[in-house]
Amino acid sequence: MPLGHILVIEDEPQYRFLIQLNLEASGYSVVLAENARTGLARVADAVPDLVLLDLMLPDFDGIELCRQIRRFSGVPIVMLTARAERKDIISGLNAGADDYVTKPFSVDELLARIQANLRRREIDQDPPVAAVICTGELTIDRSQRRVFHGNEEVILTDIEYRLLDELARHHGRVVSTAHLLDAVWGPGYEDAIKLLHQTIYRLRHKIERNSHQPYYLLNRSGQGYLLFKPDLSA
Ligand code: CA
């Protein structure tokens, strides 16, 4: 059993080689990606325990990639950066990275950061949320931010998607209206219950066969909403 499964997103071959060699020698298994696009796909399909992400990539910026990963994954992200400037590190952390290592780094330093972030992960582990969530005929592909009803794609606005995604994260459990308002709309919208109801209404029109008798988006009066999960054990 490897100590952990590490995805390395790095375009410079000499760094990729150095990192892979040392991580494997220390007992980790390694998946490599040489650009952001491939890296994003590997986060979804290889489900790593930790991502080492170079900030300067040929196709798009590591900070943007970090933001995209955070839309569907809570995997620990350690940025590798040649830019020691504070503002780049801060934008990386704001985009959802957990930690950073400045190039050139020593192997011991890199290994110490990886261990620390994996350990932290074990301590406050939320159950990981799958990249693709299916319920009935509904499929929510969180890695691509796309929703399908049967084979047909359902086109959602950003807010509609975020609301559905938040319910999908807690699939089968009731999510309070306060939590939904905070997670989807953010600070300042604590009382925007009407917005929530309108968005649920529009979502039901898009994903339910009969929006008056919802099958997927259920209301628990006085508690909140849930995304229905069929009980397969019955
Ligand atoms: Ca680079």
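**Note on backbone geometry, a buried threonine and a cavity**

1. Thr-81 has its place in strand β4, which spans residues 77–81, and the remarks that follow concern a predicted model rather than an experimental one. With a relative accessible area of 0%, Thr-81 counts as buried, because that value falls under the 20% limit. Once its neighbours within four places in sequence are set aside, the residues in contact with Thr-81 are Leu-55, Ile-89, Val-101, Thr-102 and Lys-103.

2. Lys-103, one of the contacts of Thr-81, also takes part in a backbone feature that deserves a look, since the peptide bond leading from Lys-103 to Pro-104 is cis, with omega near -5 degrees. Pro-104 itself belongs to the loop that runs between β5 (99–102) and α5 (107–123). As background for this point and the next two, most peptide bonds are trans, and most residues other than glycine have a negative phi.

3. Val-47 is not a glycine, yet its phi is positive, at about 40 degrees. The residue sits in the loop between α2 (36–46) and β3 (50–54). Is Val-47 buried or exposed? Val-47 is exposed, because its relative accessible area of 58% is over the 50% limit.

4. Arg-145 likewise has a positive phi without being a glycine, here of about 55 degrees, and it is found in the loop between β7 (138–141) and β8 (146–149). Its relative accessible area is 26%, so Arg-145 is classed as partly exposed, a value between the limits of 20% and 50%.

5. How many cavities of 30 Å³ or more does a search of the whole structure find? The search finds 1 cavity of that kind, and the space in the largest cavity comes to about 30 Å³. Its lining is made up of Leu-18, Ile-19, Asn-22, Leu-23, Phe-105, Val-107, Leu-110 and Leu-111. Two or more of these residues come from each of the elements α1 (13–25) and α5, and α1 gives the most, with 4 residues.

6. As to the chemical character of that lining, 7 residues are nonpolar and 1 is polar, while no charged residues take part. Asn-22 is the polar one, because asparagine is in neither the nonpolar nor the charged class. For a reader tracing the cavity in the model, the lining includes Leu-18 and Ile-19 as well as Leu-110 and Leu-111.

Notes. Residues are numbered from 1 along each chain as its sequence is written. This is a predicted model: local features need pLDDT of at least 70, side-chain atom pairs count only at pLDDT 80 or more; totals for chains, interfaces and linings use all residues. Side-chain values use heavy atoms; hydrogens and water are left out. Buried means under 20% relative accessible area, exposed over 50%, partly exposed in between (1.4 Å probe, protein chains only). On a 1 Å grid over the protein atoms alone, a cavity is a set of points where a 1.4 Å probe fits but cannot get out, and a pocket is an open set with protein on both sides within 12 Å along at least five of seven lines; lining residues have an atom within 4 Å of a point. Grid points are joined across faces, edges and corners, and a volume is the space filled by probe spheres set on the points. Contact means heavy atoms within 4.5 Å.
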